[in-house]
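Trainee: Could you take me through one small part of this structure, up close? I'd like to see where it sits and what lies around it.

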Amino acid sequence: MGVQLTVAPAAAELGRSAMEGFGVGDEIAVIAVVALAIVMALGLAAGAVRVIRDTVRKQGRWGINLQPVRCPKCEAPAPTVRRPKNRRQALWGGCTCEECGTEYDKWGRLVADAVSPDAEPGAAADGGGV
Ligand SMILES: [Zn+2]
């Protein structure tokens with residue numbers, strides 16, 4: 001009996017101090033987790049907003065186009081299995097037409113910077129003159 005009486009309060013004391021220790025650690029951990037969650041949520045929200053915006057307006061890099069696209073020049077359907085020809089295509093979608101070599105994005109729009117620089121010699125000459 002005497003042993004039990006002395007052990008019980010000691011165990012309770014130990015338990016309480018351990019709880020307090022955990023309490024302080026938990027608070028910091030919770031704050032860290034919440035802060036991380038907020039940062040991640042903001043990042044996800046920003047990404048989601050971009051994806052939704054571009055999907056709705058059917059342009060831009062971030063949207064998702066589930067519709068089949070065709071070459072803007074020769075109307076050849078884009079290959080079902082996309083094989084990216086460059087880094088932009090790998091990152092943002094789009095492909096190069098297998099029929100005529102035209103590069104277009106995932107919305108079936110011509111990619112402007114795919115036009116070779118010597119395609120407009122007049123513009124280049126004008127730039128050199130100035
Ligand atoms: Zn084509």
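Mentor: Sure, let's look at valine 69, which is found in the loop between helix 1 (2-57) and helix 2 (87-92). Keep in mind that this is a predicted model. For the wider setting, the protein chain has three helices and two strands, and read along the sequence they follow the pattern α-α-β-β-α.

So, is valine 69 buried or exposed? It counts as partly exposed, because it has 17 C-beta neighbours inside 10 Å, and a residue needs 20 or more to be called buried. As for the chain in general, 7% of its 130 residues count as buried.

Now for the company valine 69 keeps. If you leave aside its neighbours within four places in sequence, it is in contact with Ala78, Lys106, Trp107 and Gly108. There's also proline 79, 10 residues apart from valine 69 along the chain, with 9.1 Å separating their C-alpha atoms.

Next, step along to arginine 70, which also has its place in the loop between helix 1 and helix 2. Arginine 70 counts as partly exposed because there are 13 C-beta neighbours inside 10 Å; with 12 or fewer, a residue would be exposed. Not counting residues up to four places away in sequence, arginine 70 touches Glu75, Ala76, Pro77, Ala78 and Gly108. Have a look at that last one: arginine 70 and glycine 108 are 38 residues apart in sequence, yet 5.7 Å apart in space, C-alpha to C-alpha.

And across the protein chain, among contacts between residues at least 6 apart in sequence, 35% join residues at least 24 apart.

Note on methods. Residues are numbered from 1 along each chain as its sequence is written. This is a predicted model: local features need pLDDT of at least 70, side-chain atom pairs count only at pLDDT 80 or more; totals for chains, interfaces and linings use all residues. Helices (H or I, at least four residues) and strands (E, at least two) are DSSP runs, numbered from the N terminus. Two residues are in contact if their C-beta atoms, placed from the backbone, lie within 7 Å.
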